[in-house]
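Let's take a look at the empty spaces in a protein, and then at a few of its residues. Here is the structure to keep beside you as you read.

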Amino acid sequence: MFRRFDVIVIGGGHAGCEAVAAAHRLGCRVALITHRLETIGIMSCNPAIGGLGKGHLVREIDALDGIMGRLADASGIQFRLLNRRKGPAVQGPRAQIDRAAYRVAMQSAILSMPNVTLISDDACEILVKGTRFQGIRTGSSGDIEGASLIVTTGTFLNGVVYRGNESYEAGRDGDAATKRLRDSFNQFGLETGRLKTGTPARLSSRSIDWSKVTMQAGDERPVSFSDLTSSIHCDQVSCGITGTTEKTHDIIRTNLEKSPMYGGVIDGVGPRYCPSVEDKVVRFSDRSSHQVFLEPEGRSDDTIYPNGISTSLPFEVQDAFIRTIPGLETARVKAYGYAIEYDFVDPRQLSNTLNVSGIDGLFLAGQINGTTGYEEAAAQGLYAGVNAACFSRGVESLQIDRADGYIGVMVDDLTRRGTREPYRMFTSRAEFRLSLRVDNADTRLTPKGRDVGCVSDQRWTVFQRNAREVVSLRENLEDITITPNEAETQAIQINRDGRRRSLFSILSYPDISFDDIAAWLPKDREFATQAIERVTTDAKYAVYLERQMEQVESYRSSRNAKIPEDFEYTNIPGLSQELTEKFCHHRPETLYHAEMIDGVTPSALVLLSAHLSRHKRDQASENSQP
Ligand code: FAD
């Protein structure tokens with residue numbers, strides 16, 4: 001076995017797998033150290049991938065040639081496009097996944113990578129010389145050297161599982177916690193904190209009375225995550241929808257003190273947007289019911305994941321409250337729910353490439369950075385994987401900013417603002433969401449990925465073909481113009497001002513569809529559905545997109561605005577003494593660097609930016625005087 005690698009990855013979860021695959025695509029020799037090889041790619045919690053905001057991340061992973069989207073397409077058992085009736089900017093593809101099939105697919109994808117060495121072991125110490133990463137000390141495989149390291153230990157770092165008054169150390173139920181790595185983080189002086197999350201009981205499908213629940217089918221035309229999936233033809237399964245009752249809430253309320261989350265046993269902060277059922281009953285005490293989705297864990301798996309009732313109540317209370325839910329009166333629990341509390345590293349100590357500041361070659365990705373969710377983890381894994389590989393090879397890193405993609409939004413949020421609760425992605429986190437759509441992830445990111453070398457020839461060919469289709473359709477629509485009279489022949493009503501308008505501008509009208517204008521397009525040309533959908537969306541949003549592009553330019557130029565070395569911070573009106581001292585101490589090179597300083601608020605940045613513009617104007621007028 002090689003003892004020296006270009007990139008070492010600790011952890012075979014969602015972040016770790018994408019990190020390995022990304023570094024491998026860049027031609028690196030990679031070692032994946034993980035506790036148990038059979039748990040590579042396992043879904044610790046819900047059997048689903050995608051959703052609002054999360055679906056955007058999966059599409060971006062795919063645009064950078066990552067693997068999550070392809071595997072989700074191949075192992076999906078129900079596909080739904082969420083928010084279908086709302087605008088394309090906030091739609092999110094989501095798939096119910098066959099958990100076992102996904103894990104097997106992930107393991108065979110990793111196993112098929114010739115330059116990846118799998119090491120089943122406990123990584124226990126990070127070896128650093130000066131300010132540079134050197135290697136990893138393992139429990140039984142000795143020391144392994146590497147040029148860079150990506151730590152993706154998920155919920156395992158000092159993990160403690162709680163259920164009722166029982167608690168024990170574990171990374172998740174059935175897996176040992178990671179304890180010794182924490183010493184390395186302490187030694188590097190990194191700040192850590194505690195977070196918590198929880199999972200519901202798993203039920204036997206055969207014990208559920210399905211006649212009492214509403215069934216929800218998948219979409220007739222499934223939308224894939226990956227551009228490499230030509231189409232999805234599978235028998236989709238349905239999910240059930242039921243809900244908690246007043247009786248359920250009574251039982252939970254009566255037993256609240258038995259929940260470690262309420263008994264004050266767990267200090268860590270939980271996911272606000274994915275609360276436990278105890279949380280829901282207390283926080284929304286006026287609600288008489290909360291929805292519960294009954295999600296199959298696989299095609300030939302009897303297990304049902306009851307989404308919406310994650311809990312850390314004792315076994316007998318879980319049994320009791322579950323049986324008050326319509327359809328679950330005789331439900332048999334296959335595994336009980338629990339909560340887990342774990343350490344995370346404050347991500348403000350990372351640079352925008354996910355490199356730990358001050359330790360060259362050490363990267364962190366996934367839940368260890370304070371996020372929750374497979375998609376958030378995988379997206380960071382890919383980004384850190386590419387950047388660790390770039391670092392090892394001494395080449396320019398991949399930079400994705402807030403205007404490029406949701407990956408940029410997440411990395412920027414984490415590294416600049418940090419997080420106090422498990423961070424999950426939402427479309428509302430992105431200020432440029434009209435241009436950050438699921439349908440144009442490839443245009444935004446595939447060329448960037450190709451430049452750093454993480455996009456394969458196969459993906460590049462598909463991208464170029466799709467891009468040509470979009471450009472050609474758009475050119476046709478912009479070149480062909482018609483008069484209001486000609487429009488009338490297809491029952492299109494536009495202002496009778498005699499002006500010729502392009503088909504593209506007519507398509508921008510809210511009630512005009514592509515089919516309405518198709519009659520004027522060349523008869524010998526057929527356009528792909530993806531190109532039609534993309535160009536139609538661009539036309540509908542054209543006015544807003546133009547405005548957004550101006551905002552993007554201003555964001556990028558202000559971000560890169562240079563601050564002179566001798567810039568005077570002491571007389572900025574309205575700036576607090578504390579921040580004045582911080583700016584004087586750090587002397588940031590650009591506004592972006594100023595923004596990264598701990599404690600800098602958006603309003604402080606506005607003051608600094610305005611003062612900087614004034615300073616530059618004064619300098620310019622001084623220089624122009626004879
Ligand atoms: P993980 O998938 O946890 O993978 C970590 C990997 O690192 C594992 O393979 C482990 O064996 C390995 N490892 C750890 N330490 C070492 C070491 N020292 N040496 C070698 N290998 C090591 N997400 C949601 O979106 N919603 C939820 O409601 C939700 N609830 C959850 C509830 C529970 C109980 C758990 C456990 C997770 C939950 N998640 C939830 C989170 C989801 O599982 C994670 O966000 C996701 O799996 C994180 O991916 P990751 O790659 O960062 O880490």
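## Pockets, cavities and cysteines

The second largest pocket holds about 1200 Å³ of space. Keep in mind that this is a predicted model. Which elements give two or more residues to the lining of this second largest pocket? They are α12 (457-479) and α16 (529-540), and α16 gives the most, with six residues. In total, 32 residues line the second largest pocket. Lying nearest its centre are Arg221, Val223, Thr529, Gln530 and Glu533.

Now for the space that is closed off. How do you find such places? Rolling a probe the size of a water molecule over the atoms shows where empty space is left. Searching the whole structure turns up one cavity of 30 Å³ or more. The volume of this largest cavity is about 70 Å³. Its lining is made up of Asn352, Tyr383, Ile400, Asp401, Arg402, Gly408, Val411, Asp412, Tyr555, Arg559 and Tyr592. Both α10 (406-417) and α17 (542-559) supply at least two residues of that lining, with α10 giving the most, at three residues.

Here is how the two linings break down by class:

| Space | Nonpolar | Polar | Charged |
|---|---|---|---|
| Second largest pocket | 10 residues | 11 residues | 11 residues |
| Largest cavity | five residues | two residues | four residues |

On to the cysteines. A disulfide is a covalent bond between the sulfur atoms of two cysteines. How many disulfides does the count give here? It comes to zero. Why does cysteine 17 have no bond to its closest cysteine? Its sulfur sits 17 Å from the closest cysteine sulfur, the one in cysteine 454, and that is too far for a bond. Cysteine 234 is in no disulfide either, as the nearest cysteine sulfur, in cysteine 239, is 12 Å away.

Are these cysteines buried or exposed? Cysteine 17 counts as buried because its relative accessibility is 0%. Cysteine 234 has a relative accessible area of 28%, so it is partly exposed.

Finally, have a look at threonine 178. You'll find this residue in the loop between β11 (166-169) and α5 (181-187). Threonine 178 has a relative accessible area of 4%, so it counts as buried; the cut-off for buried is under 20%. What does threonine 178 touch, leaving out residues up to four places away in sequence? Its contacts are His35, Asp122, Phe156, Leu157 and Asn158.

Notes: Residues are numbered from 1 along each chain as its sequence is written. This is a predicted model: local features need pLDDT of at least 70, side-chain atom pairs count only at pLDDT 80 or more; totals for chains, interfaces and linings use all residues. Side-chain values use heavy atoms; hydrogens and water are left out. On a 1 Å grid over the protein atoms alone, a cavity is a set of points where a 1.4 Å probe fits but cannot get out, and a pocket is an open set with protein on both sides within 12 Å along at least five of seven lines; lining residues have an atom within 4 Å of a point. Grid points are joined across faces, edges and corners, and a volume is the space filled by probe spheres set on the points. Helices (H or I, at least four residues) and strands (E, at least two) are DSSP runs, numbered from the N terminus. Ala, Val, Leu, Ile, Met, Phe, Trp, Tyr, Cys and Pro count as nonpolar, Asp, Glu, Lys and Arg as charged, and the others, Gly among them, as polar. A disulfide is a pair of cysteine sulfur atoms within 2.5 Å. Buried means under 20% relative accessible area, exposed over 50%, partly exposed in between (1.4 Å probe, protein chains only). Contact means heavy atoms within 4.5 Å.
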